[in-house]
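User: I should like to work through a protein model by means of questions and reasoned answers. Please begin once the sequence and structure are displayed.

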Amino acid sequence: MVNFGDLVQNARDTFDSGKSKPYEFRRRQLQQLVRLYEENQQDLANALAADLRKHKQEAVLFEIEFLANDVRNTLNHLKQWMTPEKPGKDIANMLDGVYIYPDPYGVCLIIGAWNYPLQLSLLPAAGAIAAGNVVILKPSEVAPASAKIMAELLPKYLDNDTFQVVLGGVEETTELLKHRFDYIFYTGSTSVGKIVRQAANEHLTPVTLELGGKSPLYIDSSVNIELAVRRFLWGKCINAGQTCIAPDYILCSRQVQAQILNQAKAVLDSWYTEQVQGSKHYCRIVSDKHFQRLKSLVHSSGTIALGGDMDASDRFISPTILEFFLCCLHFKY
């Protein structure tokens with residue numbers, strides 16, 4: 001295992017030296033990130049296909065080009081963001097020169113997620129670099145091909161003193177969290193987020209926890225059902241539903257439910273044909289463990305109204321809609 005104490009100390013020594021702070025250094029590192037995305041698009045897409053069976057169009061749109069455009073935007077604003085601000089003054093400091101300097105935190109730990117393994121690792125990394133920080137990146141081990149290609153490519157493009165990639169699983173992450181960082185950025189589940197927060201509390205380290213949430217829909221008879229169904233299926237079918245802000249459930253009347261189900265079948269057939277598993281545009285579940293979790297969820301959460309086809313050997317679950325009914329009571333006092 002990597003000596004994480006030495007790794008973190010070396011990162012802190014680099015930050016204390018001031019290497020990561022100058023504008024030209026930050027700009028050069030960001031330009032190198034854009035080069036990485038442009039020169040290795042096919043290899044990055046191949047890694048996403050290996051982990052999640054992502055079609056290249058989806059990989060480019062939601063991860064690779066998404067990342068490149070974010071960095072291009074950052075480059076356009078970097079000098080402005082680094083410029084000290086001159087806030088308004090009151091009578092107490094009317095004769096003073098008052099400035100707000102945007103200083104970096106220091107050594108940042110970024111723990112990526114598996115559902116968008118490139119985007120959710122490298123998007124916060126680009127922001128940390130732009131702010132003048134030193135970065136230690138821990139990609140998700142659940143998407144091993146994406147983690148591997150980041151570990152291979154990033155040292156070729158970025159300064160190795162200010163940017164390090166650490167591979168591994170729970171053991172390595174646990175060991176990393178024993179050390180003091182100046183900022184931690186974590187994307188993932190609520191249960192692990194609590195562990196990250198508790199570890200950060202030991203050192204009073206500020207943390208960003210991107211834990212997703214619930215995204216319910218309410219659909220009534222006043223809407224354009226065809227348009228509504230196309231929109232929520234688009235959001236749900238991207239990455240085979242493995243998106244933290246994908247629609248979770250729909251609240252509607254039974255009459256609207258029937259319309260939704262009829263329209264949903266027509267839309268899905270037009271996108272993927274009736275043989276969804278054969279479509280090259282539909283992703284797969286990231287691991288056997290997550291496949292079994294979702295299979296159990298499908299069979300325990302309601303009645304299958306649409307879809308429900310599964311193939312464990314292919315980690316395939318078709319777009320599936322479950323139905324369940326709520327009984328609402330109105331009390332008068």
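**Salt bridges, a pocket and cysteines**

Analyst: In this predicted model, Lys-138 and Glu-141 form a salt bridge whose closest N and O atoms are 3.2 Å apart.

User: Is Lys-138 buried or exposed?

Analyst: The cut-off for a buried residue is a relative accessible area under 20%. The relative accessible area of Lys-138 is 1%. Its partner Glu-141, at 37% relative accessibility, counts as partly exposed. Lys-138, by contrast, is buried.

User: How many salt bridges does the count come to?

Analyst: Side chains of opposite charge can pair when their charged atoms come close. For a salt bridge, the nitrogen of Lys or Arg must lie within 4 Å of a carboxyl oxygen of Asp or Glu. By this rule, the number of salt bridges is 17.

User: Which residue forms a salt bridge with Lys-214?

Analyst: Lys-214 counts as exposed, with 61% relative accessibility. The closest N and O atoms of this salt bridge are 3.4 Å apart. The partner counts as partly exposed, at 32% relative accessibility. That partner is Asp-248.

User: How many residues apart are Asp-248 and Lys-214, a pair that links distant parts of the chain?

Analyst: Asp-248 is in the loop between α9 (225-237) and β7 (250-251). Lys-214 is in the loop between β5 (207-210) and β6 (217-218). The two are 34 residues apart.

User: Which residues do salt bridges that share partners join into one network?

Analyst: Arg-180 forms a salt bridge with Asp-182, the closest N and O atoms being 3.2 Å apart. Arg-180 counts as partly exposed at 39% relative accessibility, while Asp-182 counts as buried at 15%. Shared partners in salt bridges give one network of Arg-12, Arg-180 and Asp-182.

User: In which helix is the place of Arg-12?

Analyst: Arg-12 is buried, with a relative accessible area of 12%. Its side chain is joined to that of Asp-182 by a polar contact of 2.8 Å. The helix that holds Arg-12 covers residues 4-17 and is α1.

User: Which element supplies the largest share of the lining of the second largest pocket?

Analyst: This pocket has a volume of about 470 Å³. Of its 25 lining residues, the closest to its centre are Gly-127, Ala-128, Ala-130, Ala-131 and Asn-133. At least two residues of the lining come from each of α4 (56-82), β1 (107-111), α5 (119-130) and β4 (183-187). The largest share, six residues, is supplied by α5.

User: How many residues of the lining of the second largest pocket are nonpolar?

Analyst: The lining residues divide into three groups. Three of them are charged and four are polar. The number that are nonpolar is 18.

User: How many disulfides does the structure hold?

Analyst: A disulfide is a covalent bond between the sulfur atoms of two cysteines. The sulfur of Cys-237 is 10 Å from the closest cysteine sulfur, that of Cys-283, and is therefore too far away for a bond. Cys-244 is in no disulfide either, as its nearest cysteine sulfur, in Cys-283, is 15 Å away. The number of disulfides in the structure is zero.

User: Does Cys-244 count as buried, partly exposed or exposed?

Analyst: Cys-237 has 7% relative accessibility and counts as buried. Cys-244 has 29% relative accessibility. Because partly exposed residues lie between the cut-offs of 20% and 50%, Cys-244 counts as partly exposed.

Key: Residues numbered from 1 in each chain as written. Predicted model: local features only at pLDDT ≥ 70, side-chain atom pairs only at ≥ 80, totals over all residues. Heavy atoms only, no water. Salt bridge = Lys/Arg side-chain N within 4 Å of Asp/Glu carboxyl O. Buried < 20%, exposed > 50% of the residue type's maximum accessible area, 1.4 Å probe, protein only. Helix = DSSP H or I, 4+ residues; strand = E, 2+ residues; numbered from the N terminus. 1 Å grid on protein atoms, 1.4 Å probe; cavity = no way out; pocket = protein on both sides within 12 Å on 5 of 7 lines; lining within 4 Å. Points joined across faces, edges and corners; volume = space filled by probe spheres on them. Nonpolar A, V, L, I, M, F, W, Y, C, P; charged D, E, K, R; others polar. Disulfide = S-S within 2.5 Å. Polar contact = N/O pair within 3.5 Å; in protein donor to acceptor, adjacent residues only side chain to side chain.
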